[in-house]
Amino acid sequence: MEGGAGNQRNQFARKIVIDLSIMTIIGIVLAFIGPFGSFAEPLAYRLVSWVSFAWIGYAIYSPMNWLVDRLYAALELPRPVLWVVGVALATVPMTAIVWSMGFLPNPVRMPTLEEALTSYFYVFLVGGGITAFFYMIESRANAARAAQDRAVPAERETSVPSSASAPQPTMPAAPSSASNAPRLLERLPSELGSEIIALEMEDHYVRVHTALGSELALLRMRDAIAELGELDGLQVHRSWWVARGAVEDVIREGRNVRLKLERDLEAPVSRANVSVLKDAGWI
């Protein structure tokens, strides 16, 4: 489990370095272009300002990915709509920072309503455009990794020798418990064990929760469920699949229903699936 966590930290650090490098290049390009009237300022001032804006913007806008994932799991709304909401929210503090930095080192004055709305609109255009650019890059990278990931099992299958050419045993072999194990376990480090308790969708990934920890796998939810084989469980939400044996309690808050699982996990139940779980005897 420590090896998997260390690998995730390395991947996260690598992503931050790459993202900040891209943001630095974007800031330099904007400094040379000098949009929104900034071209009148000296080049050195523009470089410092736009690179600073790029880095601060990254710190403000990048957490919106987490917010979109949480809202998507809770509300089941389209991701593009949630991204617009996220960018609109992040633009508020970013606009305040951009406005304030324009006055430094002098005292910052309060903008008029027209000035505030104009500044917000410009920041929204830049922030939204850069966010869309990053989303497009990540989507293409995830699609490429998913295609590669699907190709690996196919290569393994073609490399397995035909059973027709293999010698047949004279006595029936004892059934192996490994043959009934979910194929999804092959994607997980061995230290996570073999007891899968839930699947949680995170953007283009599926987080596989086991009794010992969790790991991200690059595949679609429906493909992950298909690799569970005959494991007893249900998809209780578009973002969650839950093993029946992992449910410890049912939490009700008004019309909202959640399943309390092992390791203090909680899986939301969509309203359409409440009746399904009742019919199945879960709740």
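This tour moves through a predicted model, from aromatic pairs in the helices to two sets of paired strands.

**Stop 1: the aromatic pairs**

The model holds six aromatic pairs. Start with W50 and F53. Their rings meet edge-to-face, with centres 5.8 Å apart and 85° between the planes. Colour helix α2, residues 43-61, and both residues light up within it. They sit three residues apart, about one helical turn. Check the surface around them: W50 is buried, and F53 is buried too.

Now select Y120 and F124. This pair is stacked, because the planes make an angle of 20° and the ring centres are 6.2 Å apart, and the cut-off for stacking is under 30 degrees. Helix α5, residues 113-159, carries both. The spacing here is four residues, again about one turn of the helix. An α-helix has 3.6 residues a turn, so residues three or four places apart point the same way. Show the surface once more. Y120 is partly exposed at 26% relative accessible area. F124 is partly exposed as well, at 27%.

One more selection before leaving the rings: Y58, F133 and F134. Ring pairs join these residues into a cluster.

**Stop 2: strands β1, β2 and β3**

Select β2, residues 205-210. Five of its six residues are buried, so the strand is largely enclosed by the rest of the structure. Add β1, residues 196-202. It pairs with β2 in the antiparallel sense, over six bridges. Label E200 and look across to β2: R207 stands opposite. Then go to the turn. The β1-β2 hairpin has two residues between its strands, and D203 has a positive phi near 60°.

On to β3, residues 214-217. Four bridges join β3 to β2, and the two strands run antiparallel. Pick V206 and find A217 in β3, its bridge partner. β2 and β3 also form a hairpin, this one with three residues between the strands.

**Stop 3: the β6-β7-β8 sheet**

Next, show the open sheet of three strands. Its order is β6-β7-β8, and the pairing is antiparallel. Strands of a sheet pair through backbone hydrogen bonds, so switch on a hydrogen-bond display here. The edges are β6 (247-253) and β8 (266-269). Each has a single partner strand, so one side of each lacks a neighbour in the sheet. Neighbouring strands are turned by 25° against each other on average, direction ignored.

Zoom in on β6 and β7, the latter being residues 256-261. Six bridges hold this antiparallel pair. Label R252, then V257 in β7, which stands opposite.

**Stop 4: helix α7 on the sheet**

Keep the sheet in view and add α7, residues 271-279. The helix packs on the sheet and touches β7 and β8. Its direction makes about 100° with that of β8.

Which residues of α7 are buried? Select N273, V274 and L277. Look down the helix axis: these buried residues fall within an arc of 120°, so they line one face of α7. Their cover includes β4 (233-237), β7 and β8. Rotate to the face turned away from the buried side. There you find the exposed residues A272 and D279.

Finish just past the helix, at G281. This residue follows α7 and has a positive phi, near 80°.

Notes
Residues numbered from 1 in each chain as written. Predicted model: local features only at pLDDT ≥ 70, side-chain atom pairs only at ≥ 80, totals over all residues. Heavy atoms only, no water. Phe/Tyr/Trp six-rings, centres within 6.5 Å; stacked < 30°, edge-to-face > 60°. Buried < 20%, exposed > 50% of the residue type's maximum accessible area, 1.4 Å probe, protein only. Pairing = 2+ DSSP bridges. Axes fitted to C-alpha atoms, helices over the stretch in contact; angles between N-to-C directions. Contact = heavy atoms within 4.5 Å. Arc of directions from axis to C-beta.
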